[in-house]
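This briefing covers two ligand sites, the domain arrangement of one chain and several backbone features. Please read the bullet points alongside the sequence and coordinates shown below.

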Amino acid sequence: MSAVDLSVSVGPLKLRNPILLASGTVGYGNEISEFIDLNKIGGIVTKSLSLKPRKGNTPQRVIETPSGMLNAIGLANIGVEEFLKTKIPFLKKFDTKIICNIAASSVEEYVECTKLLTDEDTISAFEINVSCPNVKEGGLEFGNDKKAVAKITEEVKKVSTKPVFIKLSPNVSRISEFALAAKEAGADAVSAINTLVGTAFDIMTRKPKIKNITGGLSGPAIKPVALAKVLEIRRNVDIPIIGIGGIFSWQDAVEFMIAGASAFQLGTVNFVHPNISETMINDLILYCEKMKIASLKNLTGSFIL
Amino acid sequence: MFLANAKVDSVTQIGTNVFLLKLQSDKIAANAKPGQFVNIKVSNSNFPLLRRPFSICNVEGDYFTIMFTSVGEGTLVLQKKQKGEFVDVMGSAGNGFSLDGNYEKAIIVAGGIGAAPFPFLIKELEKIGKEIICFSGGRTKNDCITYEMKNVSTATDDGSFGFKGTVVELLSSEIARYKNERIKIFGCGPNAMLKSLQQFCFTRNIEAEISTESSMACGFGICQGCPVQSATDKNKFLLVCKDGPVFNVKDIELP
Ligand SMILES: Cc1cc2nc3c(=O)[nH]c(=O)nc-3n(C[C@H](O)[C@H](O)[C@H](O)COP(=O)(O)OP(=O)(O)OC[C@H]3O[C@@H](n4cnc5c(N)ncnc54)[C@H](O)[C@@H]3O)c2cc1C
Ligand SMILES: Cc1cc2nc3c(=O)[nH]c(=O)nc-3n(C[C@H](O)[C@H](O)[C@H](O)COP(=O)(O)O)c2cc1C
Ligand code: FES
């Protein structure tokens, strides 16, 4: 056993280590458990769940871009009810934190989903995906509207018995203002960032490479942007941050912690190296030993400007 | 499914733009089934970033082979692999062909690089005593692959090799010969070809399985990037990487 303490807290949520798997890049945990021991990592964030099952977008849904990829999955998911019935029994078997990510098209739907899930013991926290079109406001994304972010946070907090994290969109000019809105409405932490809007064309057909025209950019290409967003939040708002965006190595993860993240999520990398969340643990220990860091949580926000 | 560091044994060019890559991995070789695929991280860098899927072409002891055409950056990197190098391979993925069914003759229908999964399938079908008839097609002679096929007839769009027309047109012109026999069709190729093969099987009520393709990000069911429309439930997509890549012709609606 190493003397290094890897445990961290994200607001009230205690984690064995800061390694979380990001929403939409681990499904509901079963496939990736062929490659890693879920009991060794901090936890997993489920694919965004909505009240009713969603079929998702027409293919083509994914395309590789330089050091990254675009996706337009369209929040395809099995819905809350099916999740409770068929996925929870599997997840129950693990001693790891299950963070339930919720996506909805109205404030009422966010609340309804939270109500249905909050009594399930297996779930440790909620992550609210606000990068979804607000159907009542003509499809404008909640994540682009500070008032809507505050409203969702406030209403979800009212019915949740678990910590609530708001997952912020990077497609705004000042992300820290959104983090502040979430904090003031009672959020326990923010997750940053979701994907950046992007597109790509086929030059022979002149058509977009993904059917939805635009998609969400993820992977190493977005890491510098994501780091800057985490830093901006850290320097302006006093709220725990879960760092996400282009982490492909333990070094990338350490950068996010230095910039201000209490924990971090691995996304696209799971597609390429599905075992990295587990192999990274030892690398983090070695780094702490080398740097004489007794507790990894001391790294959070330790940047020197 | 495993992650394996597979050792390159050889890269062999078998056609104008057709290559065989032979890799050593006892784990993958021992567990592979015909019609399954491997997902290869072709480089150690972020370029290309995602794994690339390839059908398992054949298995021999601790070795397995993939057959590929060079179409972009990833396949170009593979083409240049040297003996002794190691390649990061995930596999074997997907469901594979089912050898079951009420048939004595297996009819193989390949379009272009769709020939890739058949050497392995043919070997396994022969082991259980099935008779093999192959049809292979391509745009030109260079695109028509007959590698390790048995009793093969060819079709090319330009007539440069065998029948002039598509491989499904060739099959239509030949099928009468098997009308009193119990047959099952195994197909692989571009979507347009699979669609016409599907139609062919529907009109004649022939049992068939087809191996399909889709763009993919993960290759093992976690990204939802590879949907194909279910034919039985209009509200449902199936995943090519996990529910496929092989489907009964009756189960999917091709794009
Ligand atoms: C289950 C499955 C099995 C496959 N088996 C084989 C095989 O045995 N042999 C073989 O040569 N190829 C096979 N493919 C296709 C192969 O994966 C692609 O040719 C390869 O990913 C291209 O990579 P690249 O980096 O060279 O090309 P890229 O630079 O990524 O793309 C170059 C061109 O290839 C097209 N392309 C990219 N990915 C795919 C894809 N998945 N399917 C079809 N076209 C694509 C692009 O649209 C583009 O026009 C299979 C695909 C799947 C999904
Ligand atoms: C294929 C795919 C699907 C995703 N689905 C979701 C989702 O359902 N909900 C969500 O909040 N984020 C989703 N994301 C965003 C990721 O959780 C993450 O925020 C983003 O990909 C950036 O991290 P990365 O660069 O490490 O992938 C998805 C990302 C990808 C690539
Ligand atoms: S490629 Fe990711 S689910 Fe099929």
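In this predicted model, ligand 1 is surrounded by 19 residues, of which B:Arg52, B:Pro53, B:Gly74, B:Thr75 and B:Glu213 come nearest; a residue is near a molecule if one of its heavy atoms lies within 4 Å of it. Ligand 2, by comparison, lies between chains A and B.

**Conventions and confidence**

- Residues are numbered from 1 along each chain as its sequence is written, while chains are lettered from A and ligands numbered from 1 in the order in which they are written.
- Because the model is predicted, local features need pLDDT of at least 70 and side-chain atom pairs count only at pLDDT 80 or more, whereas totals for chains, interfaces and linings use all residues; side-chain values use heavy atoms, with hydrogens and water left out.
- The model has an ipTM of 0.96 and a pTM of 0.97.
- Chain B has an average pLDDT of 97, and 100% of its residues score at least 70; pLDDT is the predictor's confidence in each residue, from 0 to 100.

**Ligand 1 site**

- A polar side-chain atom of B:Glu213 is placed 2.6 Å from a nitrogen atom of ligand 1, which falls under the definition of a polar contact as a pair of N or O atoms within 3.5 Å.
- The backbone also takes part: an N or O backbone atom of B:Ser55 lies 3.0 Å from a nitrogen atom of ligand 1, and a polar backbone atom of B:Gly72 is 3.1 Å from an oxygen atom of ligand 1.
- The protein buries 71% of the 850 Å² that ligand 1 exposes when taken alone; accessible areas come from the Shrake-Rupley method with a 1.4 Å probe.
- Strand 4 (52-55), strand 6 (63-68) and helix 2 (73-79) of chain B are the elements that give two or more residues to the shell around ligand 1; helices (H or I, at least four residues) and strands (E, at least two) are DSSP runs, numbered from the N terminus.
- Strand 4 of chain B contributes the most to this shell, with 4 residues.
- By class, the shell around ligand 1 holds 10 nonpolar, 6 polar and 3 charged residues, with Gly counted as polar and Asp, Glu, Lys and Arg as charged.

**Ligand 2 site**

- The 25 residues that surround ligand 2 have A:Ser23, A:Ser48, A:Lys167, A:Gly246 and A:Thr268 as the closest.
- A side-chain N or O atom of A:Ser48 is 2.7 Å from a nitrogen atom of ligand 2.
- Oxygen atoms of ligand 2 also pair with side chains: one is 2.7 Å from an N or O atom of A:Lys167, and one is 3.2 Å from an N or O atom of A:Asn129.
- On its own, ligand 2 has 610 Å² of accessible area, and the protein covers 98% of that.

**Domains of chain B**

- Chain B is divided into domain 1 (2-93) and domain 2 (105-211), with bounds from an automatic or database domain assignment.
- The centres of the two domains, taken over C-alpha atoms, are separated by 24 Å.
- Their contact (heavy atoms within 4.5 Å) takes 16 residues from domain 1 and 13 residues from domain 2.

**Backbone features**

- Most residues other than glycine have a negative phi, and most peptide bonds are trans.
- The peptide bond from A:Pro59 to A:Gln60 is cis, with omega near 10°; A:Gln60 sits in the loop between strand 4 (43-45) and strand 5 (62-65) of chain A.
- The peptide bond from B:Phe47 to B:Pro48 is likewise cis, with omega near -15°, and B:Pro48 belongs to the loop between strand 3 (37-41) and strand 4 of chain B.
- A:Lys292, although not a glycine, has a positive phi of about 55°, and is found in the segment after helix 8 (276-291) of chain A.

Note on methods: Polar contact = N/O pair within 3.5 Å; in protein donor to acceptor, adjacent residues only side chain to side chain.
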